[in-house]
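Trainee: Could we go through this model together, term by term? I would like to see what lies behind each label.
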Amino acid sequence: MSAALPPVALSLIGIGTGNPDHLTREAQAAMQAADLILLPHKGEDKAELAALRRDLCDAVLTAPGPRIEGFDMPVRRSVGDDYLAQVDEWHAAITRCWQAAIARSLDEGLQPRTPGQPLQVALLVWGDPALYDSTLRIAARMQPAPHSVRVVAGISSMQVLCAAHAIALNGIGQPFVVTTGRQLREQGWPPGVDTAVVMLDGQCSFTELPSHGLHIWWGAYLGMDRQMLDSGPLAEAAPRIVQARAAARERHGWIMDIYLLRRGG
Ligand SMILES: C[S@@+](CC[C@H](N)C(=O)[O-])C[C@H]1O[C@@H](n2cnc3c(N)ncnc32)[C@H](O)[C@@H]1O
C-alpha cells in the first residue's frame, strides 16, 4: 500500500434519489470529471441500494470515465446508549476505508488525469450532502486533509416527497422542522412549528403521537419505479402505512421512507 496519499480534491456529489432524471447537470459533469469514484457496499440486504449508485454511473458516464472503486461500509456498533460515541467511531472507520480504497487504486496504477493536479476523488451522496448526511464530517477527518472539498447540491428526498404529493413544505410565512424518527419518539412533537418532516425512521414513530388534528404525507422509494405514497388524517393513514411499509420491506429487503406531518390539516 502507498505510504502517504498524494493531494486529493474531494467532490461530494448530491445524486438525488438515484433516478438519473434527478441528477443535475452539475452533478453529472462532476462525476465525469473525477479520476476516482468511491462506492460503498453496505451488506447483502442493501446490495440493491449500492447497485443503484453503480447503475447511475453506468447510465451517465461516458468513456474514458473515472475508475470506480468499491469499499465495504463498516457497520456501526449499536451496543450501549452512547449514540454520539458510536457515530464518532463509525465515521473514523469510514475515513479509513476511503483512504484504503484510494491507496489501493493508486497502487494499481491510477493517476490524476491532469498530471501535476490533485487526484479528483468523488463520493455520490444520496439526496443532498447538507441534509442528514455525514459525508462532509467524514471528509473533515481525512489525514492528510484534502487539498479541497467541493459540494454539489442534490435534490433531497424531502423535496421529492413534497413534489410527489403536490404539497407546499411550509404554511404561509411559517417555519418547519426537519427531524428524525428517534427525536420524534424521544422528544415528542417539536415545539414552535406546525409542520415536521421526519427522516431516518425505521420504527414508524408517528404511531406514538396523539394523532388528533395531524395529517401525514408519506413516501417510500421516492423517485424509483416502485415509489409508494400514502396520505390522510394520521389516525386513518397510520395503520395503512405501517402495514404497507412492513410488506415492502419484507419484499425488497430494505426500505427508505420519509414523511411530513402537519398540525391543523
Ligand atoms: C441518511 S438520510 C439521507 C438524506 C439525504 N441526504 C437527502 O437529502 O434526502 C437517509 C434518509 O433519507 C430519506 N430518504 C432518502 N432517499 C429516500 C427515498 N428515495 N425515498 C424515501 N426516503 C428517502 C429517508 O428518510 C432515509 O432514512
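Mentor: Let's start with Y132, which lies in the loop between β4 (119–125) and α4. Helices (H or I, at least four residues) and strands (E, at least two) are DSSP runs, numbered from the N terminus. This is a predicted model, in which local features need pLDDT of at least 70, side-chain atom pairs count only at pLDDT 80 or more, and totals for chains, interfaces and linings use all residues. Residues are numbered from 1 along each chain as its sequence is written, and side-chain values use heavy atoms, with hydrogens and water left out.

Trainee: What makes Y132 worth pointing out?

Mentor: Its phi is positive, about 45°, although Y132 is not a glycine. Most residues other than glycine have a negative phi, and most peptide bonds are trans.

Trainee: Which peptide bonds are cis, then?

Mentor: One runs from A63 to P64, with omega near -5°, and another from Q143 to P144, also with omega near -5°. P64 sits in the loop between α2 (47–60) and β3 (67–72), while P144 is in the loop between α4 (135–139) and β5 (148–152).

Trainee: How do you know that the span of α3 is close to the expected one?

Mentor: The expected span is 1.5 Å times one less than the number of residues. Helix α3 (residues 83–107) has 25 residues and reaches 36 Å from its first C-alpha to its last, so it is close to the 36 Å expected. Just after α3, G109 takes a positive phi of about 105°.

Trainee: Why is the pair formed by S157 and the ligand called a polar contact?

Mentor: A polar contact is a pair of N or O atoms within 3.5 Å; within protein, one must be able to donate a hydrogen and the other to accept it, and residues adjacent in sequence count only if both atoms are side-chain atoms. A polar side-chain atom of S157 lies 2.7 Å from an oxygen atom of the ligand, so the pair qualifies. A polar backbone atom of L131 is 2.8 Å from a ligand nitrogen atom, and one of L200 is 3.1 Å from a ligand oxygen atom.

Trainee: How many residues surround the ligand?

Mentor: There are 17, and the closest are W126, D128, L131, S157 and D257. To be near, a residue needs a heavy atom within 4 Å.
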